[in-house]
Amino acid sequence: MFEVTIPQSSDDWQAYYHLRWQVLRASWEQPRGSEQDDLEQESEHRFIKNKDGEVIAVARLHFNNSQQAQVRYMAVDDAHRGQHLGSRLLHELEKIAWNQDASELVLFARERALKFYQRHGYELKEKAHLAFGDVQHWKMVKQRPSEPGWFRHPDWTQVLQDTWRESIPISDKMGIKVETYTDWQFSVSADLDANVNVHNTMFAGSVYSMATLAGWGATYLALQESQLMGDIVLADAQIKYLKPINKEPRAQVDLTQCEGNVGDLTTQGKARYQVPVHIYDGDILVGEFTGRFVIVKSESD
């Protein structure tokens, strides 16, 4: 698992700025030092290293004013593209901005990155500056979502939350909420006080329901990603209760571990999707759930 951290040592900072220059400046014959500006000292810097300690992705955040933060210098080593490194960095910077009460984020994206940022809730506003004579940039803005963790397609996440509240009323009584949705992870949380048993721990049936909704939600979002619609039904499930929950109930899906092809819905009218769910009490693993969902074409399709 790649970890987003802060540069600390002199070597860290040298490697951090070198990658920034290499990806964003070197190809346009810009000199070393052009990858920095006057805001370095008052900015938030984040990077990702690989297992060999090499810096493979970098990004920066600064505030333009008390309400607006800006993402700059997002760079990923070419050899490590396709591993969600940019998403992990962007997610971390967004959390910093929202936790410091920013109401919006702004950035200036190169044309090849527009779809990446749009997937993460950024709206294309206008054509901006032309860098190095031929690299067009576009201004993009993201408004603070309803919840800080709603990172990827926050509009879909809001629809999912509303669907649960309106169609599965017990989910609202349980305090089930979408916690995060990123390229690599989907998670939900629950209100312990609304699900407590005689032992002052979370009722086993509530744990099962929370995990089921996490799996159902991951399946729903997989359909959205494929621009498909269908009725989702839990066909089979297995759960292991490892420890009781007595603090912070969470259910988390590693989206890269889901199995099945929702595209079968188009060709066969039915699809199967298997979702592994890890159940946590805070950061402690307390259970494992595997849900096997069947998706069938809606009658209205």
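Here a biologist and a modeller talk through a predicted model of a protein chain.

Biologist: Happy to look at this with you! How many helices and strands does the chain have?
Modeller: Glad to help, and please keep in mind that this is a predicted model. Counting the secondary structure of the chain gives both kinds of element. The tally is seven helices and 14 strands.

Biologist: Which radius of gyration does the chain have, set against that of a compact globule?
Modeller: The chain has 301 residues, so a compact globule would come out near 19 Å. The C-alpha atoms fill a box of roughly 65 × 45 × 40 Å along the principal axes. The value for the chain agrees with the globule rule, at 21 Å.

Biologist: What share of the contacts joins residues 24 or more positions apart?
Modeller: The count here takes in contacts with a separation of 6 or more. Of these, the share from residues 24 or more positions apart is 64%.

Biologist: And the surface: what part of the exposed area do carbon and sulfur atoms supply?
Modeller: Buried residues make up 49% of the 301 residues. The chain exposes about 15,500 Å². Of that area, carbon and sulfur atoms supply 46%.

Biologist: How far apart are the centres of the positive and negative side chains?
Modeller: There are 32 positive and 43 negative side chains in the chain. Taking the centre of each set, the distance between the two is 2 Å.

Biologist: Let's turn to helix 6. How far apart are its end C-alpha atoms, and what span should its residues give?
Modeller: Helix 6 covers residues 204-225, which is 22 residues. At 1.5 Å a residue they should span 32 Å. The distance between the end C-alpha atoms agrees, at 32 Å.

Biologist: Is helix 6 largely enclosed or largely open, and how many of its residues are buried?
Modeller: A residue counts as buried under 20% relative accessible area. Helix 6 is largely enclosed by the rest of the structure, because the buried residues among its 22 number 16.

Biologist: Which residue just after helix 6 takes a positive phi?
Modeller: The residue lies in the loop between helix 6 and strand 10 (231-241). Its phi is near 60 degrees, a positive value in a residue other than glycine. At 74% relative accessibility it counts as exposed. The residue is glutamine 227.

Biologist: Is histidine 153 buried or exposed?
Modeller: Histidine 153 sits in the loop between strand 7 (135-143) and helix 4 (154-167). Its phi is positive too, near 45 degrees. Its relative accessibility is 14%, so histidine 153 counts as buried.

Biologist: Which residues does serine 66 touch, leaving out those up to four places away in sequence?
Modeller: Serine 66 is in the loop between strand 3 (55-63) and strand 4 (68-76). With 54% relative accessibility, serine 66 counts as exposed. Its C-alpha atom is 28 Å from that of leucine 85, which is 19 residues away along the chain. The residues that serine 66 touches are Asp101 and Ala102.

Biologist: One more, if you have time! What is the C-alpha distance between glutamate 104 and arginine 144?
Modeller: Glutamate 104 belongs to strand 5 (residues 104-110), and at 19% relative accessibility it counts as buried. Beyond four places in sequence, its contacts include Trp98, Val141 and Arg144. Glutamate 104 and arginine 144 are 40 residues apart in sequence, and their C-alpha distance is 5.4 Å.

Note on methods: Residues are numbered from 1 along each chain as its sequence is written. This is a predicted model: local features need pLDDT of at least 70, side-chain atom pairs count only at pLDDT 80 or more; totals for chains, interfaces and linings use all residues. Side-chain values use heavy atoms; hydrogens and water are left out. Helices (H or I, at least four residues) and strands (E, at least two) are DSSP runs, numbered from the N terminus. The expected span of a helix is 1.5 Å times one less than its number of residues. Buried means under 20% relative accessible area, exposed over 50%, partly exposed in between (1.4 Å probe, protein chains only). The radius of gyration is taken over C-alpha atoms; the globule rule is 2.2 Å times the number of residues to the power 0.38. Contact means heavy atoms within 4.5 Å. Accessible areas come from the Shrake-Rupley method with a 1.4 Å probe; for residues, only the protein chains shown count as cover. Lys and Arg count as positive and Asp and Glu as negative; His and the chain ends are not counted. The place of a charge is taken as NZ of Lys, CZ of Arg, CG of Asp or CD of Glu.
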